Amino acid sequence: MWSAISVAVLGGIYVCVGGMGVLMRPPGLAPLAQVDPYLAILEFLIILSAVALVAMMAAIYRYAPAETKACSLIALAFMIAFAVLTCSTHFASLTVGRQMAPATVPQVFKQLSMVTWPTIALALDLLAWDFFLGLSLLFAAPVFRGTIRIVMYVNAVLCLAGTVAPLSGQMWLQLSAIAGYAFVLPVNCILLARLFARQHLQNHPA
């Protein structure tokens, strides 16, 4: 319950900070481009969100009935892969990327950028958020019924659809994935938190 709430809260903070960053960005940058300090805050929030998402998926695995245990275990494995990948890229960007002098190794500095495309760091991060997160949600959806399952399937499809963007180089296609993890994912987590809260009350009546 608390991990799902954490993801939803962190997602809300991320959207607010990202919106401020877009409004305060210097002229001439891409529409969704971010600069420090907003970019650094967003990257730190992503690391925290990844940790909370792993905890949430572990709770889903624990909650899953016997017939969907295999699906939930696959979902947990994909979520761990997602977290390791995105935490690594953002930690490298927060540390090496900000301490390296651009003039010393310009090509390496460019490849650590999380803002411009194409870079290795951004490609790996999109692999995490579009592909691995999408697969994790896709395999977790059968654990549930009703609204949660539908919303989780929608979330998964939006994330997976975003994979087309880095593959094709048409980065505007990434908007579907952004809608998935910036807006649909927090809603999904709120629904999960409510479900887990009801489950807790049933198991521990007053």
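Q: How many helices and strands does the protein have?
A: Happy to start with the fold of this predicted model, where local features need pLDDT of at least 70, side-chain atom pairs count only at pLDDT 80 or more, and totals for chains, interfaces and linings use all residues. Residues are numbered from 1 along each chain as its sequence is written, and side-chain values use heavy atoms, leaving out hydrogens and water. Helices (H or I, at least four residues) and strands (E, at least two) are DSSP runs numbered from the N terminus. The protein comes to nine helices and zero strands.

Q: Which helix supplies the largest share of the largest nonpolar core?
A: A nonpolar core joins buried Ala, Val, Leu, Ile, Met, Phe, Trp, Tyr and Cys residues through side-chain atoms within 4.5 Å; buried means under 20% relative accessible area, exposed over 50%, partly exposed in between, with a 1.4 Å probe and protein chains only. The largest core here has 43 residues, and Phe82 and Met152 are among those with the most contacts inside it. Helices supplying at least two of its residues include H1 (2-24), H6 (120-140) and H9 (175-203). The largest share, ten residues, comes from H9.

Q: Why is Cys189 not bonded to Cys159, and how far away is the sulfur?
A: A disulfide needs a pair of cysteine sulfur atoms within 2.5 Å, and the structure holds zero of them. Cys189 is buried, at 0% relative accessibility. Its closest cysteine sulfur, in Cys159, is too far for a bond, because the distance is 11 Å.
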